[in-house]
Amino acid sequence: MEDPVAEALVLDGNAIAGDLESLLGFDATALEQACRHCRNRAPVGALRAYRGGPGSVLRCSVCAQIVLRLAVTPRGSYLDLSGAAYLRLAAPAR
């Protein structure tokens, strides 16, 4: 059973928009991703964000598996997308 207090602290993926933009140089929250576990496709901003630890964890809104992890430290940033089947970047306009 889910803890209602903990669930009230869950944000959407837009909560880490600034961290992602600092790391990648663009707003990544609109990028389509697919969960490696259940294959649900949704924008990064639609993932469920858990913050407050040493980094941020984004989980699939359907199966709750980890899709993305991001930790920003004084020595560098660590981005783990191993829970994503893919992250689609649109082709540049011609």
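## Leu47 and its surroundings

Leu47 occupies the loop that links strand E3 (41–43) and strand E4 (48–50). In this predicted model, Leu47 has a relative accessibility of 3% and therefore counts as buried, the cut-off for that class being under 20%.

Beyond the residues within four places in sequence, Leu47 is in contact with Leu11, Asp12 and Gly13, with Gln33, with Leu58, Arg59 and Cys60, and with Val67. Arg94, by contrast, is separated from Leu47 by 30 Å in space, C-alpha to C-alpha, and by 47 residues in sequence.

## Gln33 in strand E2

One of the contacts of Leu47 is Gln33, a residue of strand E2 (residues 32–35). Gln33 has a relative accessibility of 2%, so this polar residue's position is classed as buried. Its side chain comes to 3.4 Å from the backbone nitrogen of Cys35.

Leaving out residues up to four places away in sequence, Gln33 touches a run of residues from Asn40 through Arg41, Ala42 and Pro43 to Val44. Leu47, Val67, Tyr86 and Leu87 are also touched by Gln33.

## The open sheet

Five strands make up an open sheet: 5 strands in the order E1-E4-E5-E6-E7, with antiparallel pairing. Strand E1 (11–12) and strand E7 (76–80) each have a single partner strand and stand at the edges, so one side of each lacks a neighbour in the sheet.

Strand E6 (residues 66–73) runs antiparallel to E7, and the two are joined by 5 bridges. Within this pairing, Leu70 stands opposite Leu79 in E7.

## Ser56 in strand E5

Ser56 belongs to strand E5 (residues 56–59). With 5% relative accessibility, Ser56 counts as buried. A polar contact of 3.4 Å connects the side chain of Ser56 to the side chain of Arg51.

Apart from residues up to four places away in sequence, Ser56 touches Ile16, Tyr50 and Arg51, together with Leu68, Arg69 and Leu70. Leu70 is thus shared by two descriptions: Ser56 touches Leu70, and Leu70 stands opposite Leu79.

## A nonpolar surface patch

Leu79 is also part of a nonpolar patch on the surface, formed with Leu23, Leu24, Phe26, Leu81 and Leu89. Together these residues have about 440 Å² of accessible area.

Among the members of the patch, Leu23 lies in helix H2 (residues 17–24). The relative accessibility of Leu23 is 33%, so Leu23 counts as partly exposed.

Key:
Residues are numbered from 1 along each chain as its sequence is written. This is a predicted model: local features need pLDDT of at least 70, side-chain atom pairs count only at pLDDT 80 or more; totals for chains, interfaces and linings use all residues. Side-chain values use heavy atoms; hydrogens and water are left out. Two strands pair if DSSP finds at least two bridges between them. Helices (H or I, at least four residues) and strands (E, at least two) are DSSP runs, numbered from the N terminus. Buried means under 20% relative accessible area, exposed over 50%, partly exposed in between (1.4 Å probe, protein chains only). A polar contact is a pair of N or O atoms within 3.5 Å; within protein, one must be able to donate a hydrogen and the other to accept it, and residues adjacent in sequence count only if both atoms are side-chain atoms. Contact means heavy atoms within 4.5 Å. Patches are made of residues with over 30% relative accessible area and no salt bridge: like charges are joined within 9 Å, nonpolar side chains (Val, Leu, Ile, Met, Phe, Trp, Tyr) within 5 Å. Accessible areas come from the Shrake-Rupley method with a 1.4 Å probe; for residues, only the protein chains shown count as cover. A salt bridge is a side-chain nitrogen of Lys or Arg within 4 Å of a carboxyl oxygen of Asp or Glu.
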